[in-house]
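Me: I should like to examine one part of this protein model closely. Please take a single helix and explain how it sits within the chain.

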Amino acid sequence: MNVKMVPKAFLRYSAGTSEMEEEKVSTGSSVLDDFLHGGFEKGIITTIYGPGGSGKTTACMLAMTRMAGTGKKIIYVDPESGFSVERLSQITKYAERVLQ
């Protein structure tokens, strides 16, 4: 699985400093968060690509579950129609909340 993030992350200034910090959104997986240096960058479109069975859809479902748990809305674009409500239900007991 490969991850491509463009354009550059939405950046904000820390209060009282000129230092810029990247805002990150947890993927729902500590391993993937470590790989992405803290999670997905906020304010950009992230493309996840790779061969079939590499975990792309599962990674997206984990992130969706994580964001739904914080009350955020998710836009999921699936050009290959690989999304499965049944699989989402296997990953989380909060599938109905994610789908709202």
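Reply: The following account moves from the whole chain to one helix, and then to one residue of that helix.

The model is predicted. Its chain contains four helices and six strands, and from the N terminus these elements follow the order β-β-β-β-α-β-β-α-α-α. Of the 100 residues, 27% count as buried. Among contacts between residues at least 6 apart in sequence, 50% join residues at least 24 apart.

The helix chosen here is α2, which covers residues 56-69. Its 14 residues, at 1.5 Å a residue, should span 20 Å, and the C-alpha atoms at its ends are indeed 20 Å apart, so the expected and the computed values agree.

Several residues of α2 are buried, namely K56, A59, M61, A63, M64, T65, M67 and A68. An α-helix has 3.6 residues a turn, so residues three or four places apart point the same way. The buried residues of α2 pack against elements on both sides of the helix in sequence: β4 (24-25), α1 (30-35), β5 (40-41) and β6 (45-49), together with α3 (85-91) and α4 (95-99).

A68 offers a closer view of this packing. This residue lies in α2 and has a relative accessible area of 8%. Because the cut-off for a buried residue is under 20%, A68 counts as buried. Leaving aside residues up to four places away in sequence, A68 touches I74, R97 and V98. The C-alpha atoms of A68 and Q100 are separated by 8.9 Å, although these residues are 32 residues apart along the chain.

Just after α2, G71 adopts a positive phi of about 85°.

Note on methods. Residues numbered from 1 in each chain as written. Predicted model: local features only at pLDDT ≥ 70, side-chain atom pairs only at ≥ 80, totals over all residues. Heavy atoms only, no water. Helix = DSSP H or I, 4+ residues; strand = E, 2+ residues; numbered from the N terminus. Buried < 20%, exposed > 50% of the residue type's maximum accessible area, 1.4 Å probe, protein only. Contact = heavy atoms within 4.5 Å. Expected span 1.5 Å × (residues − 1).
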